[in-house]
Structure formats: C-alpha cells, structure tokens
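Biologist: Could you take a close look at the side-chain pairings in this model for me? I'd like to start with the charged ones and then see where that leads.

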Amino acid sequence: MEKIRSFLAIDVDNTLKDKIIEVQKVIEGADAQVKFVEPENLHFTLKFFGQINNKMIEELSRIIEEKIGSYKPFKLKIEGMGVFPNKNYMRVIWLGAENPKEFSKIQKTLDDEFKKLGFKKEKNYIPHLTIARVKGGKNKDKLLEKIEELEDIQIGEMQIKELKLKKSELRPEGPKYTTIKTFKL
C-alpha cells in the first residue's frame, strides 16, 4: 500500500504573503545561510503525520470532520518573530500568532484524537508560521540582529475558515505541498 508524507495545516491568507515576503527580504540582508519557505508553502502546521497510507487518511479525515464540527471560523493575528530551538542555536525562523486560544483549542482537541490512532502527542505546541530554516553558521550574529529588530513585527489578521490535509513531496528544489482534503470550520 502506497504511503504518503503528510500533515494537517492552515494556509496563510494570500493577502498577508507580500508582507511576509518583505520580512524574508529583511532577513536575507544578513547574508546568512538561510532557506526561505516559498510563498505558496506558507502555512501553520497543526500536526505532522509522517508516512501514512490511504486507510489512515480516511480515518484521520473522519476524526477531523467529527471534531471540528463544533468550531466556527475565527480570526488570527500574525505578529512577532522568534527562532527554534533558541537564539544560540537557530534552526527555524518563525512568525507568531497573537492570542491563539481558539487555534490552540482545535490543535489540542485533534491531537488528543490522533494520539488514540498511535501518533505521538505534541509536547509544547506553539502556533507558529515557519518562514525560514537556518542551514549554517555564516553571519549568525548579523542574522540574530535582524531577527531581534523584527521581534515585534505586525503582519496582519486573517480569517481561519478551514484546515487542510496535505501531501508533502520532498524534492531537491524544495518541498511540494498538495492539498488532499479540505475541512471547513
């Protein structure tokens, strides 16, 4: 049975992508070893599933549809910048979410259900939007300076109306994400 690499996500509203690209250009000015997330790939990950088969896709779809039925669309404000795991060892550069209460509630509800299917529970889930990955130590100080300048950045607000189950294909030129199924709130 064919397996596909997959995750559950919320796509970033197209109206906010230009502002995010501007932020990426500021970071690019540090001339560090950074790989930026392509605009079409910008998303908040709710859960990374890894390799799953069609039967599991059906099972996950059933659970997602059942559990998000009680949730209504909500607004999410993208603001603030940070890094994972920390400023001394930067691997991921991200934008944050202001007051992500509703977002976190949905994530926790679904994560509890996914655990019953054998997926590992998220320990300290923090809603974030990955905008770049650090690939080396070149100009690390300059990069950190740019990130600290942007710590309080305001990107804007978007309406969350749907979740998407996505297929991830890793390719030399970068990942390609395809929507398998859309779930409306």
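Modeller: Sure, let's begin with Glu98 and Lys77, which form a salt bridge with 3.9 Å between their closest N and O atoms; the term means a side-chain nitrogen of Lys or Arg within 4 Å of a carboxyl oxygen of Asp or Glu. Glu98 sits in strand β5 and Lys77 in strand β4, so this pair links distant parts of the chain, 21 residues apart (helices are DSSP runs of H or I with at least four residues, strands are runs of E with at least two, and both are numbered from the N terminus). Glu98 is partly exposed at 34% relative accessibility, and Lys77 is too, at 29%. For that scale, buried is under 20% relative accessible area, exposed is over 50%, and partly exposed is in between, using a 1.4 Å probe and protein chains only.

Keep in mind that this is a predicted model, where local features need pLDDT of at least 70 and side-chain atom pairs count only at pLDDT 80 or more, while totals for chains, interfaces and linings use all residues. Residues are numbered from 1 along each chain as its sequence is written, and side-chain values use heavy atoms, leaving out hydrogens and water.

The structure has 20 salt bridges. Another one joins Lys138 to Asp31, with the closest N and O atoms 3.3 Å apart. Because Lys138 is in the loop between β6 and α4 while Asp31 is in the loop between α1 and β2, this bridge ties together parts that are 107 residues apart in sequence. Lys138 is partly exposed at 40%, and Asp31 is partly exposed at 44%.

Then there's Glu113 with Lys116, whose side chains meet at 3.0 Å, N to O. These two are three residues apart in helix α3, so about one helical turn separates them. An α-helix has 3.6 residues a turn, so residues three or four places apart point the same way. Still, Glu113 is buried at 14% relative accessible area, whereas Lys116 is exposed at 64%.

Salt bridges also link Asp11, Glu162, Lys164, Lys166 and Lys184 into a network. Let's zoom in on Lys164, in strand β8 (residues 162-169). Lys164 is buried, with a relative accessible area of 16%. The side chains of Lys164 and Asp11 share a polar contact of 3.2 Å (a pair of N or O atoms within 3.5 Å, one able to donate a hydrogen and the other to accept it). Apart from neighbours within four places in sequence, Lys164 is in contact (heavy atoms within 4.5 Å) with residues including Phe7, Leu8, Ala9 and Thr179.

Phe7 and Leu8 come up again with another lysine, Lys47, among the residues that Lys47 touches. Lys47 lies in strand β3 (residues 43-53) and is buried, at 3% relative accessible area. The side chain of Lys47 makes a 2.8 Å polar contact with that of Asp111. Phe114, Phe119 and Glu122 are also among the residues touched by Lys47.

Now follow Phe7 to the aromatics. Rings of Phe, Tyr and Trp (its six-membered ring) pair if their centres lie within 6.5 Å; planes under 30 degrees apart are stacked, over 60 edge-to-face, and the rest tilted. That rule gives six aromatic pairs. Phe7 and Tyr177 make an edge-to-face one, with centres 5.0 Å apart and planes at 80 degrees. Phe7 is in strand β1 (residues 3-11) and Tyr177 in strand β9 (residues 176-184), so the pair links parts of the chain 170 residues apart. Phe7 is buried at 4%, while Tyr177 is partly exposed at 23%.

Phe103 and Tyr125 are stacked instead, 6.2 Å centre to centre with 15 degrees between the planes. Phe103 belongs to helix α3 (residues 101-116), and Tyr125 to the loop between α3 and β6 (128-134), 22 residues away. Both count as buried: Phe103 at 1% and Tyr125 at 19%. Together with Phe44, Phe103 and Tyr125 form one aromatic cluster.
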